[in-house]
Amino acid sequence: MLTLSDKILIGVLLLLSSLSFLALAAFRGPGQTVVVEQDGKVMARRSIADEDTLRIEGPLGVTTIEIAEGKARVLDAPCPHQLCVKTGAILKAGAMVVCVPNRVVVRIEGHPKDGVDAVTR
Amino acid sequence: MRSRTKNCPGPGGNLTFEFWNSAFPKGRRLVHLALLASVGLILFVFEGLIPRPLPWLKIGLGNVATLLALFLYGSGGAFAVTGIRVFLGSLLIGTFLSPGFLLSSGGAMASWTVMALVHRAWPRGFSVVGISIWGAWAHNAAQLILAHLVLVRSRGIWALLPVFLLSGVATGFVTGVAAYWTLERLKKGNEQ
């Protein structure tokens, strides 16, 4: 089914796209806003430059989020695996910490124009 | 009475098809391309009904018809099939002349141009799967450039480039395999 040129094409394109993923991660801009969501609803928006501690109520209990020194992280969470705490601090645009059991998402937004403006069908 | 109906090359009669073919040597091509265009249109509308996990991940099933037309009837046929699909498809789903229509038609035309050129330049080099990946890739690249020019003059849109490159390989592969299977089926049907 696949000719040699097909395989070379697929290989080159896969290499190109993974390289561009890496390049983009390296040049990703600094974050601007920390957005905290609970169950899909935005609970809080803070500038990343703020110093603040947020307490978000979820189905399992209270998740504590700390914003300090231009970074955001989950300090304490009631979930069993503590993955969100172990993720550590995030600072770059597009980065996020997710706690699935307590349905809390902390993400960092960059330039306000980023995001989806239109969807084609 | 019986012999009259038998000899009459009217609608439904045995002779109709042969008569049609000899009178219009291009008739078969026309009918097949019209069929492919409608298949592409149906696939396009059907695909729009499937919920998508990510807004930028679209398989591009309509391109199966374009690929078949390209391999069976050349670049002219593929152009007709693509043009009809884009025009009628946008009327059917109600995006005609909207910004989305610009992106979708631009993507389709870029895809056709690249597929036709590559197919013509290396007729034996790439299989239908390879041509499909070229097409998907051109489609995504054109959409990204058009979106940048028309919709969002923001550099943030280039953040989607890696996603588009990667999804182009995946969706082009899926569409190409579908076209490959169809071509194999058609070949078998012709041999019998």
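This is a short talk on the sheets, helices and nonpolar cores of a predicted two-chain model.

Hi everyone, a little housekeeping before the tour. The model is predicted, so to speak: local features need pLDDT of at least 70, side-chain atom pairs count only at pLDDT 80 or more, and totals for chains, interfaces and linings use all residues. Residues are numbered from 1 along each chain as its sequence is written, chains are lettered from A and ligands numbered from 1 in the order in which they are written, and side-chain values use heavy atoms, with hydrogens and water left out.

Let's start with chain A and its sheets. Strands here are DSSP E runs of at least two residues, helices are H or I runs of at least four, and both are numbered from the N terminus. Two strands pair if DSSP finds at least two bridges between them.

Four strands of chain A make an open, antiparallel sheet in the order β2-β1-β7-β6. Which strands stand at the edges? They are β2 (41-47) and β6 (96-99) of chain A, and each has a single partner strand, so one side of each is left without a neighbour in the sheet. From one strand to the next, the twist averages 15°. Now look at β1 (residues 33-38) and β7 (residues 104-109) of chain A: six bridges join them in the antiparallel sense. One pair to find on your screen is V36(A) with its bridge partner V106(A) in β7(A).

Chain A also has an open sheet of three strands, β3-β4-β5, again with antiparallel pairing. Its edge strands, β3 (52-57) and β5 (71-76) of chain A, each pair on one side only, and the twist averages 25° from one strand to the next. β3(A) pairs with β4 (residues 62-68) of chain A over six bridges, and here I56(A) stands opposite T63(A) in β4(A). On to β4(A) and β5(A): five bridges join them, with A72(A) as the bridge partner of I67(A). These two strands form a hairpin with two residues between them, and E69(A) in the turn has a positive phi of about 55°.

Now for chain B. What is its secondary structure? Seven helices and zero strands. Of the 192 residues in chain B, 40% are buried, meaning under 20% relative accessible area with a 1.4 Å probe, protein chains only. Contact means heavy atoms within 4.5 Å; among contacts in chain B between residues at least 6 apart in sequence, 66% join residues at least 24 apart.

One helix pair to look at is α4 (residues 63-93) with α5 (residues 99-121) of chain B, packed at an angle of about 175° with axes 10 Å apart. The angle is over 145 degrees, so α4(B) and α5(B) count as roughly antiparallel. The residues of their contact divide into twelve nonpolar, ten polar and two charged.

Finally, the cores. A nonpolar core is a set of buried Ala, Val, Leu, Ile, Met, Phe, Trp, Tyr and Cys residues joined through side-chain atoms within 4.5 Å. The largest has 26 residues, and V81(B) and I131(B) have the most contacts inside it. Both chains appear among the elements giving two or more residues to this core: α1 (4-26) of chain A, together with α3 (27-49), α4, α5, α6 (128-151) and α7 (161-191) of chain B. The largest share, eight residues, comes from α4(B). Apart from that core lies another of 19 residues, including V34(A), A77(A), C79(A) and I108(A).

Thanks for listening!

Terms used. Axes are lines fitted to C-alpha atoms, for helices over the stretch in contact, and angles run from 0 to 180 degrees between N-to-C directions. Angles under 35 degrees count as roughly parallel, over 145 as roughly antiparallel, 65 to 115 as roughly perpendicular and the rest as oblique. Ala, Val, Leu, Ile, Met, Phe, Trp, Tyr, Cys and Pro count as nonpolar, Asp, Glu, Lys and Arg as charged, and the others, Gly among them, as polar. Buried means under 20% relative accessible area, exposed over 50%, partly exposed in between (1.4 Å probe, protein chains only).
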